[in-house]
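Me: I should like to go through the charged side chains of this structure and ask what justifies each label. Please set every value against its definition.

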Amino acid sequence: METETMGKVVVTAMIENLGDLYAVERGLLTHDQVRRIEVHDAVVDTGATTLLLPKRMVAALGLEPLRVRHSRGLGGDFLLPVHGTVRLTIQGRGCPLDVGEIGDEYPVLIG
């Protein structure tokens with residue numbers, strides 16, 4: 001039986017506050033006022049089901065808390081604070097997503 005080496009998939013992602021983008025469309029903000037973060041080392045996690053951002057990035061994007069949900073990770077069950085909503089863009093393709101908040105010691109995880 002062969003042993004395969006698993007690789008780590010890392011991508012560049014643009015993460016923007018969706019509320020700010022809507023405010024630009026309504027003329028309430030200018031494009032340069034949109035809170036956004038470009039991440040050059042976001043980890044694609046095939047076992048995750050959501051976008052997970054470190055707490056410091058959630059704060060920098062000005063995301064409002066929505067709810068807390070039960071989640072399961074390698075360390076077991078935990079409560080995950082969920083914030084909303086961002087536009088995640090990777091390789092020119094974007095989608096709106098709510099954001100799970102993780103500790104600052106973790107990288108951005110894209111599920």
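Reply: Let us begin with accessibility: buried means under 20% relative accessible area, exposed means over 50%, and partly exposed lies in between (1.4 Å probe, protein chains only). The model is a predicted one, in which local features need pLDDT of at least 70 and side-chain atom pairs count only at pLDDT 80 or more, while totals for chains, interfaces and linings use all residues. Residues are numbered from 1 along each chain as its sequence is written, and side-chain values use heavy atoms, with hydrogens and water left out.

Me: Why is R67 called partly exposed?

Reply: The relative accessibility of R67 is 43%, which falls between 20% and 50%, so the label partly exposed applies.

Me: What makes R67 and D98 a salt bridge?

Reply: A salt bridge requires a side-chain nitrogen of Lys or Arg within 4 Å of a carboxyl oxygen of Asp or Glu. The closest N and O atoms of R67 and D98 are 3.8 Å apart, so the pair satisfies the rule. R67 lies in strand β4 (residues 64-73) and D98 in strand β6 (residues 93-102), so parts 31 residues apart in sequence are tied together. Strands here are DSSP runs (E, at least two residues), numbered from the N terminus.

Me: Why is D98 also called partly exposed?

Reply: D98 has 27% relative accessibility, and this value lies between the two cut-offs, so D98 counts as partly exposed.

Me: Which residues does the network of shared salt-bridge partners join?

Reply: Salt bridges that share partners join E16, R36 and R87 into one network. E16 pairs with R36 at 3.1 Å between the closest N and O atoms, and with R87 at 2.8 Å, N to O. In the latter pair, E16 belongs to strand β1 and R87 to strand β5 (residues 76-90), 71 residues apart.

Me: Is E16 buried or exposed, and how do you know?

Reply: E16 has a relative accessible area of 5%; this is under 20%, so E16 is buried. Its partners R36, at 28%, and R87, at 32%, are partly exposed.

Me: How many salt bridges does the rule give?

Reply: The count comes to five.

Me: What makes H83 and E101 a polar contact?

Reply: A polar contact is a pair of N or O atoms within 3.5 Å; within protein, one must be able to donate a hydrogen and the other to accept it, and residues adjacent in sequence count only if both atoms are side-chain atoms. The side chains of H83 and E101 are joined at 2.8 Å, so the distance meets the cut-off. H83, in strand β5, is buried, with a relative accessible area of 7%.

Notes
Helix = DSSP H or I, 4+ residues; strand = E, 2+ residues; numbered from the N terminus.
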